[in-house]
Amino acid sequence: MADDKENKKIGLKTTLDMVVEGCRLPVKMSILPNEEEEWPLAEILSRKEEKGKLEFYVHYIDFNKRLDEWVLPDRLRVEELQFPKKDQKTPQKQTSSAANSRPTTPDRELQDKKTTVDRSESDSPSPSSLLSKKLSLPEQTSSPAAKLGGQGQTPQSQTKSNAGRKRKAIFLDEDSQDAPATPQPSAPPPQQPRQTGSMSSSHDENIITRIKNIETIELGKYRIKPWYFSPYPPELTTISIVYICEFCLKYVKSRKCLERHRTKCTLRHPPGNEIYRKSTISFFEIDGRKNKLYSQNLCLLAKLFLDHKTLYYDTDPFLFYVMTEYDIKGFHIVGFFSKEKESTEDYNVACILTLPPYQRKGYGKLLIEFSKYASTSSHA
């Protein structure tokens, strides 16, 4: 019996070693206690082994990416493992002169002979052209300006133009980006993370951004599980909870750091101007250029719950409108929307989000209505 158990363990380990990125198999979905078990088909996106514990990051096929999660091997149905399909390359057609040749006919041979004769006549110079060249040859050599390399220029004008060219070349070398620079051997610049734009320019980068890197955040009195990847610093991806100040949105890695920050943070509302208030609801207008750090922290927070958000650091061209709810402790962020300061296509919203604790309470409709009002008032 002991040998059978040992053999089963060895067989299971061998099977788990075969579960690599790209494989598909049924995975037990995390469900509520009173619900039935579900084993949807899932794709393995990554695997890791920490402290002797093996985990797989799976994406459930035909389900939203927010449900992607790390699972243990006991939730995998390895007996139904499907290996990734290799890309089938289409065979290249072998071309040859014999294959490309077409059967000739008498008419086609006559046409080909005619075209070759026309080409030979056009290539050979005519007597009139030779005569004109002979007649024009003395005129070209007799001109003193031609000897200097310019047509119709005197030596003084030639020296002036050369001096002008020298001054222009010096000006280009100093200020122009198009000026030819002397090649200097130097080491290639180190690759840095992009500051703007989409983060999925390459396949490898896309795989990284498909995996949620933050496990839980604590924002005020709420603990929230993020839905998507957000480019927070790497040192925050190895801890279980990221603590965020709900007033300035600064992120720290421990509760003690957050308490120490609260003693120094003087904000009790978002920076910027309060432009609307009714009862406990207020809106603050924030300039992305004047309050850059807050705007960047707001974008990082929003990316945890928005899959296709591409703005992280370049916040200068945007205005942010943050909706808050007031109590005795301060103005707590509920959601926000952003818009371009100068939109060429006259869009009234660039990005909009209601944080998960405040969803399904009507705040999203209020954000949309206020975005329409803000766009009409700016045009007035």
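Helices and strands are here DSSP runs, of at least four residues for a helix (H or I) and at least two for a strand (E), numbered from the N terminus. The model treated in these exercises is predicted.

**Exercise 1. Describe the protein as a whole.**

Task: State how many helices and strands there are in the protein, and what share of its residues count as buried.

Solution. Step one is the inventory: the protein has ten helices and 13 strands. Step two is burial: 32% of the 380 residues count as buried. Step three is the surface, of which about 27100 Å² is exposed, with carbon and sulfur atoms supplying 52%. Step four concerns contacts: among those with a separation of 6 or more, 50% join residues 24 or more positions apart.

**Exercise 2. Analyse the sheet of four strands.**

Task: Determine which strands stand at the edges of the open sheet with the order 1-2-3-4.

Solution. Begin with the layout: the four strands form an open sheet in the order 1-2-3-4, and the pairing is antiparallel. Strand 1 (24-26) and strand 4 (69-71) each have a single partner strand, so these two stand at the edges, and one side of each has no neighbour in the sheet. Next, consider the angle: neighbouring strands of this sheet are turned by 50° against each other on average, direction ignored. Finally, examine one pairing: strand 3 (residues 53-60) and strand 4 run antiparallel and are joined by three bridges. Within strand 4, Trp70 is the bridge partner of Tyr57.

**Exercise 3. Follow the chain through strands 11, 12 and 13.**

Task: Establish how strand 11 and strand 12 pair, and how many bridges join strand 12 to strand 13.

Solution. First, strand 11 and strand 12 pair in the antiparallel sense over ten bridges. The two form a hairpin with two residues between them, and Asp327 stands opposite Gly330 in strand 12. Second, strand 12 (residues 330-340) is mostly covered, since ten of its eleven residues are buried. Third, strand 12 and strand 13 run antiparallel and are joined by four bridges; Gly335 has Thr354 in strand 13 as its bridge partner.

Two residues complete the picture. Phe320, in strand 11 (residues 318-327), has 0% relative accessibility and therefore counts as buried. Its C-alpha is 5.8 Å from that of Glu285, although Phe320 and Glu285 are 35 residues apart in sequence. Thr354, in strand 13 (residues 351-354), is buried as well, with a relative accessible area of 12%. Beyond its neighbours within four places in sequence, the contacts of Thr354 include Val334, Gly335 and Tyr363.

**Exercise 4. Assess helix 9 and its cysteine.**

Task: Decide whether helix 9 is largely enclosed or left open by the rest of the structure, and find which cysteine sulfur is nearest to that of Cys299.

Solution. Start with the dimensions: helix 9 (residues 292-303) has twelve residues and reaches 17 Å from its first C-alpha to its last, close to the 16 Å expected at 1.5 Å a residue. Then count the cover: ten of the twelve residues are buried, so helix 9 is largely enclosed by the rest of the structure. Among the buried residues of helix 9 are Tyr294, Leu298 and Cys299.

Now turn to the sulfur atoms. The structure holds zero disulfides. Cys299 is in no disulfide, and its nearest cysteine sulfur, that of Cys351, is 7.2 Å away; the cut-off for a disulfide is 2.5 Å. Cys351 is likewise in no disulfide. Last, compare exposure: Cys299 counts as buried at 0% relative accessibility, and Cys351 is buried with a relative accessible area of 10%.

Terms used
Residues numbered from 1 in each chain as written. Predicted model: local features only at pLDDT ≥ 70, side-chain atom pairs only at ≥ 80, totals over all residues. Heavy atoms only, no water. Pairing = 2+ DSSP bridges. Axes fitted to C-alpha atoms, helices over the stretch in contact; angles between N-to-C directions. Buried < 20%, exposed > 50% of the residue type's maximum accessible area, 1.4 Å probe, protein only. Contact = heavy atoms within 4.5 Å. Areas by Shrake-Rupley, 256 points an atom, 1.4 Å probe, with all protein chains shown as cover. Expected span 1.5 Å × (residues − 1).
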